[in-house]
Amino acid sequence: MTSSESSLLSLLAYVLLQNARPQRAATLLSALNIMEPANPSTLRSLAVALLRSGKADRALETLDQLAMAGGIDATFHLLRAQALVALARPLEAAAAMKTFQQIKDSAEAQRPA
């Protein structure tokens with residue numbers, strides 16, 4: 001798959017997400033993930049689509065793949081917190097949200113005034 005084809009599929013998935021079609025976006029992103037495995041951007045978008053589709057358990061599995069691909073950042077922790085809340089795991093969700101806030105605060109403290 002060429003870079004432009006991959007970009008087009010990613011754009012289409014984004015448009016589907018923005019137009020309340022998360023299940024279709026998830027299907028497209030799952031296919032893209034098969035063609036280009038372990039792409040952090042694709043995995044992050046897939047986790048969002050799965051969360052919006054009400055599939056928090058699959059979103060959490062996708063976030064595990066994202067972690068293995070080296071995509072742990074503030075957004076990862078925020079998405080993880082959302083998935084854990086949806087799965088009724090409040091203590092783990094609170095820990096993920098706390099980590100998100102710490103990363104965000106650290107980044108803001110490093111910005112020049």
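Leu8 is exposed in this predicted model, because its relative accessible area is 57%, over the 50% that marks an exposed residue. The residue is found in helix α1, which spans residues 3–18. Leu8 also takes part in a nonpolar surface patch, which it makes together with Leu11, Tyr14 and Val15. The area of this patch is about 410 Å².

From the surface, we can turn to the interior. The largest nonpolar core has 27 residues. Within this core, the residues with the most contacts are Leu29, Ala49, Leu51, Leu63 and Leu79. Six helices each supply at least two of the core residues: α1, α2 (22–35), α3 (40–52), α4 (56–68), α5 and α6 (90–110). Helix α3 gives the most, with seven residues. Leu63 offers a handy view of the packing: not counting residues up to four places away in sequence, Leu63 touches Ala47, Phe76, Leu79 and Arg80.

His77 is a good residue to visit next. Its place is in helix α5, which covers residues 74–86. His77 is buried, because its relative accessible area is 13%, under the 20% limit for a buried residue. Leaving aside neighbours within four places in sequence, His77 is in contact with Ile72, Ala96, Thr99, Phe100 and Ile103. For one of these partners, Ile103, the separation along the chain can be set beside the separation in space: His77 and Ile103 are 26 residues apart in sequence, while their C-alpha atoms are 9.2 Å apart.

Technical notes:
Residues are numbered from 1 along each chain as its sequence is written. This is a predicted model: local features need pLDDT of at least 70, side-chain atom pairs count only at pLDDT 80 or more; totals for chains, interfaces and linings use all residues. Side-chain values use heavy atoms; hydrogens and water are left out. Helices (H or I, at least four residues) and strands (E, at least two) are DSSP runs, numbered from the N terminus. Buried means under 20% relative accessible area, exposed over 50%, partly exposed in between (1.4 Å probe, protein chains only). Contact means heavy atoms within 4.5 Å. A nonpolar core is a set of buried Ala, Val, Leu, Ile, Met, Phe, Trp, Tyr and Cys residues joined through side-chain atoms within 4.5 Å. Patches are made of residues with over 30% relative accessible area and no salt bridge: like charges are joined within 9 Å, nonpolar side chains (Val, Leu, Ile, Met, Phe, Trp, Tyr) within 5 Å. Accessible areas come from the Shrake-Rupley method with a 1.4 Å probe; for residues, only the protein chains shown count as cover. A salt bridge is a side-chain nitrogen of Lys or Arg within 4 Å of a carboxyl oxygen of Asp or Glu.
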